[in-house]
Amino acid sequence: MSDVPAHNDKVEHGYSLAKVVNSAKCPRCSGPTELRYAEFIYATQKSPRVMAAPAGYFCARCPTVIIDEDLLRQGVTGNFVYHSVIGIECEDKEKGGPFKTWNGRETVVYIDEVENTMRLLMKDELARPLGHASTPSTQKSQKAARRREIARQSRKQNRRKR
Ligand SMILES: [Zn+2]
């Protein structure tokens, strides 16, 4: 594996090898990729860990990497269980860190300080339960409130009839 060069450039976008058709072609810009060594930050059931492995196909034109997650999964040692990759560890913080997108979707870094775990969440998944993406208009929520009020009154009326 010594002939695999180490990656030392900016990385912002990560893709899973399982999600791309061709690891030789960048899914973002269609540029050529090259297999390189890097330090991959990955989530486990405990704290996040870092693994140096030749598991990334890095784009020559843009800050994108396709990651062989099977290789990382197989390389995990000790009592740790591989969950998902978070980003690339780099001495230069400007170049590495958690991915801004994963499989083409914007990410949010989620840190659980109680469990001491870290993982990447997809912004579009997060938006729904928290209601950031589709905040109901005032009119809509008023309608909903009115509907609840109507339902309550009709129950009262039913009770009175009996
Ligand atoms: Zn590219």
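Buried here means under 20% relative accessible area. Keep that cut-off at hand for this tour of a predicted model.

**The zinc site**

Select the zinc ion and the residues that hold it. The donors are the SG atoms of Cys26, Cys29, Cys59 and Cys62, at 2.2 to 2.3 Å from the metal. Turn the view around the ion: the four donor atoms subtend angles of 101 to 116°, so the arrangement is tetrahedral. Along the sequence, the spacing of these donor residues reads C-x2-C-x29-C-x2-C.

Now colour the ligands by accessibility. Cysteine 26 has a relative accessibility of 2% and therefore counts as buried. Cysteine 59 is also buried, with a relative accessible area of 6%. Cysteine 29 has a relative accessible area of 29%, which means that this residue is partly exposed. While the cysteines are selected, note that a search of the whole structure finds zero disulfides.

**The sheet as a whole**

Switch to a cartoon view and display the strands. They include an open sheet of nine strands with mixed pairing, in the order β6-β5-β2-β3-β4-β1-β7-β8-β9. At its edges are β6 (97-98) and β9 (117-122), each of which pairs on one side only.

**Strand β1 and its neighbours**

Select residues 13-16, which make up strand β1. Which residues of β1 lie on each side? His13 and Tyr15 are on one side, Gly14 and Ser16 on the other. In a regular strand, side chains alternate between the two faces of the sheet. Both faces of β1 are covered, and the four residues just named are all buried.

Add residues 64-67 to the selection to bring in strand β4, which runs parallel to β1 and is joined to β1 by four bridges. Within β4, isoleucine 67 is the bridge partner of serine 16.

Then add residues 101-102, strand β7, which is also parallel to β1 and is linked to β1 by two bridges. Here threonine 101 in β7 stands opposite histidine 13.

**Strands β2 and β3**

Move to residues 33-44 (β2) and 49-59 (β3). These two strands run antiparallel and are joined by nine bridges. For one such pair, pick phenylalanine 40 and its bridge partner in β3, methionine 51.

**Aromatic rings and charges**

Show the aromatic side chains. The structure holds two aromatic pairs. One of them is formed by phenylalanine 99 and tryptophan 102, stacked at 5.9 Å centre to centre with 15° between the planes. Both phenylalanine 99 and tryptophan 102 are buried.

Next, centre on phenylalanine 80 and show lysine 46 and arginine 49. What lies over the face of phenylalanine 80 at 3.9 Å from the ring centre? That residue is arginine 49. Lysine 46 also lies over the face of this ring, at 5.3 Å from the ring centre.

**Threonine 107**

Finish in strand β8 (residues 105-112), where threonine 107 is found. Threonine 107 is buried because its relative accessible area is 12%, and the cut-off for buried is under 20%. Add lysine 123 and draw a distance between the two C-alpha atoms: they are separated by 5.3 Å, although the residues are 16 apart along the chain.

Terms used:
Residues are numbered from 1 along each chain as its sequence is written. This is a predicted model: local features need pLDDT of at least 70, side-chain atom pairs count only at pLDDT 80 or more; totals for chains, interfaces and linings use all residues. Side-chain values use heavy atoms; hydrogens and water are left out. Buried means under 20% relative accessible area, exposed over 50%, partly exposed in between (1.4 Å probe, protein chains only). Two strands pair if DSSP finds at least two bridges between them. Donors are N, O and S atoms within 2.8 Å of the metal (3.2 Å for Na, K and Ca); water is not among the atoms, so sites may look incomplete. Four donors count as tetrahedral if all angles lie between 85 and 135 degrees; four count as square planar and six as octahedral if opposite donors are over 155 degrees apart and all others between 65 and 115; anything else is irregular. Rings of Phe, Tyr and Trp (its six-membered ring) pair if their centres lie within 6.5 Å; planes under 30 degrees apart count as stacked, over 60 as edge-to-face and the rest as tilted. A charge sits over a ring if NZ of Lys or CZ of Arg is within 6 Å of the ring centre and within 35 degrees of the ring normal. A disulfide is a pair of cysteine sulfur atoms within 2.5 Å.
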